[in-house]
Amino acid sequence: MIDQIYRKAVLTVAGQKTVEDLVRARGWGMAQRFVAGETPQTAISAVQELHKDGILANLDLLGEFIESPEQCTAFADNVLTMIEAAYAAGITPYVSIKLSSVGQGKTVGGEDLGLSNARRIIGRAGGYGGFVCLDMEDHPRVDQTLAQFRQLVGEFGHGHVGTVLQSYLYRSEQDRDGLDDLRPNLRIVKGAYLEPETVAYPDKADVDAAYRRLVYAHMKAGNYVNVATHDEQLIDDVKMFALAHGIARDAFEFQMLYGIRRDLQKALVQEGYRVRAYIPYGRDWYPYFSRRIAETPRNAMFVIRGMLKG
């Protein structure tokens, strides 16, 4: 409950226009801890640096609340540009997209624009042997995102497209069960949006318990699992579960955020586990930055100290 109160307080303050303007004006230096620059080139440099330590990458062009169909299609074009740039740099493209950013819920030519733009992105990445993860957003979008994910897996296969389940939502275990026929590639996260208690667990202990159940069930079903957490206890528990159930290390990977616990990422690689860092980039960094600050008081203190110095 305390974690939820803290997150709600930070996100409420971060949503105020005066606070956003102040942080945007003075906070980019701090945001760079969590965001790999504003251009494809800076993001690719971050990927290449991680590769030196054996850490893989998941590229994410930041952008939320994009309104017009034209802007959504332009955003999708920018993702395609990143895919081309990554491939040209010798990197197998692995990207995440929010369907809302590429037009989910907007009908153009009789079809959902998010779905048609996602097809373009998955087709391009898949042509280079790459992968696209459909990020999960706040709870009102879950049904449509899962329905579109099902359609896209049917078209491209689970080897080229995956999605995300959030353990703080009560519904996620049922959602996972309902996807089993697809043999889906899933990233399991705790969840970073501000959700009401009617749809999400308010207590951290319940979120953690649901997280374990989701990961273990997906592993036991023989599906590929992206274990996205920095929680060392959860990581150790997953390692023990995999060992106890004879689950090979190439059947799952650990995913973490750019700029957070690089030491842990490197240690896991040295132990022989696959590790992938989520690398956000782009000019629309403020909403993502706000959610990272809302995760722990330690992150908030980092920003406050930086603002005072600035």
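Here is a quick tour of a few spots inside this structure. Keep in mind that the model is predicted. We'll look at the nonpolar cores, then at helix α11, and finish with a serine in strand β2.

**The nonpolar cores**
- The largest nonpolar core takes in 78 residues, and I121, V215, M219, F252 and I279 are the ones with the most contacts inside it.
- Helix α5, spanning residues 69-88, gives this core its largest share, with eight residues.
- Another core, of six residues, lies apart from it, and F34, L62, I260 and Y278 are among its members.
- If you zoom in on F252, you'll find that it touches M219, Y224, V225, V238, A242, I247, Y273 and R274, leaving out residues up to four places away in sequence.

**Helix α11**
- This helix runs over residues 262-270, and its buried residues are L264, Q265 and L268.
- These buried residues span an arc of only 105° around the axis, so they sit on the same side of α11.
- Their packing partners are two helices, α4 (40-51) and α10 (232-244), plus two strands, β9 (252-257) and β10 (275-281).
- Just past the end of α11 comes G272, which has a positive phi of about 100°.

**S96 in strand β2**
- S96 is part of strand β2, which covers residues 94-98.
- Its relative accessible area is 3%, so S96 counts as buried, the cut-off being under 20%.
- The side chains of S96 and R187 are joined by a polar contact of 2.8 Å.
- Setting aside neighbours within four places in sequence, S96 is in contact with N58, L59, D60, C133, D135, R187 and Y278.

Conventions:
Residues numbered from 1 in each chain as written. Predicted model: local features only at pLDDT ≥ 70, side-chain atom pairs only at ≥ 80, totals over all residues. Heavy atoms only, no water. Buried < 20%, exposed > 50% of the residue type's maximum accessible area, 1.4 Å probe, protein only. Helix = DSSP H or I, 4+ residues; strand = E, 2+ residues; numbered from the N terminus. Arc of directions from axis to C-beta. Contact = heavy atoms within 4.5 Å. Polar contact = N/O pair within 3.5 Å; in protein donor to acceptor, adjacent residues only side chain to side chain. Core = buried A, V, L, I, M, F, W, Y, C linked by side-chain atoms within 4.5 Å.
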